[in-house]
Amino acid sequence: MRNGSIPGSSGRVRPMRLLGDPGLGTPCEDVTDFGDGLAQLVEDMFATMYAAAGVGLAANQIGVPLRVFVYDCPDDEDRRHLGHLVNPRLIEADGVTVRGPEGCLSVPGIEAGTPRFDRAVVEGFTLDGAPARVTGTGFFARCLQHECDHLDGGLYLDHVTGLRRRRALRAVRRAPWAGRTEEQPEPARTA
Ligand SMILES: [Zn+2]
C-alpha cells in the first residue's frame, strides 16, 4: 500500500488456516514492531485475501498471531472500504442487530445467518504507526466485527445459535477439508 501501488501487488499468497487450526482459537498479540516486516505482512494479507476472493482477512488466518486485519469490503450502499488496521479495538458496536448471511475464508464453502450490530467503530493504527479510526455500517460493520472476533481468537460461528448452528456444524463435519488442520502446501507462484 505504498506510493499508491495496488494493495497486495508485492505480496505473497500465504496458505489459509482453516477451522481446527489452533491459531484461529488463540487471541493475537499487539504489534510492537512497526518495521518493514509489518508492511510486508499487510501486503501478503492483501494478496491472500484477493486470491481467495474475500472481503477481509485477519493475520491469524495465515498463521501470524498479531493484531492486524485488512479489508476491501462494500457497505449496504455499495461504497467501497479499503484498508488495514494494526492493533484494532472494537470501541463501539450499536444500532439494530441484523441477522445476515456470513461466511469465512477459514470455513470455506459454508454460510450461516449471523446476528451483528449494524454499526461498528474500530480504532487502531496504520502500519506507519498513525492513529486510525474506521466507522462501518451494514455489511462493512459486519466485516469489522468479524475481523475483530478473529483477532480475539473467535469465529463468526460463535454467534450462530439454534438450528442455524446445528446446520452449520453439520456442514463443517461434512466439508472436504474437515479435520485437515495441518499446513497446506504453498500455492505455486504464478504471474
Ligand atoms: Zn473470517
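Which pattern does the protein chain follow when read along the sequence? In this predicted model, the order of elements is α-β-β-β-β-β-α-α, made up of 3 helices and 5 strands. The radius of gyration of the protein chain is 16 Å, close to the 16 Å given by the globule rule for 191 residues, so the chain is as compact as a globular protein of that length. The C-alpha trace spans about 50 × 40 × 30 Å along its principal axes. Of the 191 residues, 38% count as buried. Among contacts with a separation of 6 or more, 67% are made by residues 24 or more positions apart.

The 5 strands form an open sheet with antiparallel pairing, and their order in the sheet is β1-β2-β3-β4-β5. Strands β1 (56-58) and β5 (131-137) stand at the edges; each has a single partner strand, so one side of each is left without a neighbour in the sheet. On average, and with direction ignored, neighbouring strands of the sheet are turned by 40° against each other. In a regular strand, side chains alternate between the two faces of the sheet.

Within the sheet, the antiparallel strands β2 and β3 are joined by 7 bridges. One position in this region is Cys73, which stands opposite His81 in β3. The two strands form a hairpin with 5 residues between them, and Asp78 in the turn has a positive phi of about 65°. Strand β3 (residues 80-104) is in turn joined to strand β4 (residues 107-125) by 14 bridges, again with the strands running antiparallel. Here Val86 stands opposite Phe125 in β4. The connection between β3 and β4 is a hairpin through 2 residues.

At one edge of the sheet, strand β5 contains Pro131. Pro131 has 8 other C-beta atoms within 10 Å and is therefore exposed, since the cut-off for that class is 12 or fewer. The C-alpha atoms of Pro131 and Asn87 are 10.0 Å apart in space, while the two residues are 44 residues apart in sequence.

Helix α2 (residues 138-151) lies across β1, β2 (68-74), β3, β4 and β5, and runs at about 90° to β4. The 14 residues of α2 should span 20 Å at 1.5 Å a residue, and the end C-alpha atoms of the helix are 21 Å apart, which agrees with that expectation. Of these 14 residues, 13 are buried, so α2 is largely enclosed by the rest of the structure. Just after the helix, Gly153 takes a positive phi of about 85°.

An unreviewed UniProt entry places the feature "binding site" at Cys104, His146 and His150. These positions are spread over 47 residues of sequence but cluster in space, with a largest C-alpha distance of 10.1 Å. Two of the annotated positions, His146 and His150, lie in helix α2. His146 has 25 C-beta neighbours inside 10 Å and therefore counts as buried, the cut-off being 20 or more. When residues up to four places away in sequence are not counted, His146 touches Gly56, Glu102 and Tyr156. His150 is also buried, with 24 other C-beta atoms within 10 Å. Apart from neighbours within four places in sequence, His150 is in contact with Ala58, Asn60 and Gln61.

How values were computed: Residues numbered from 1 in each chain as written. Predicted model: local features only at pLDDT ≥ 70, side-chain atom pairs only at ≥ 80, totals over all residues. Pairing = 2+ DSSP bridges. Helix = DSSP H or I, 4+ residues; strand = E, 2+ residues; numbered from the N terminus. Axes fitted to C-alpha atoms, helices over the stretch in contact; angles between N-to-C directions. Contact = placed C-beta atoms within 7 Å. Rg over C-alpha atoms; globule rule 2.2 N^0.38 Å. UniProt positions renumbered as here; feature names shortened; annotations may be inferred. Expected span 1.5 Å × (residues − 1).
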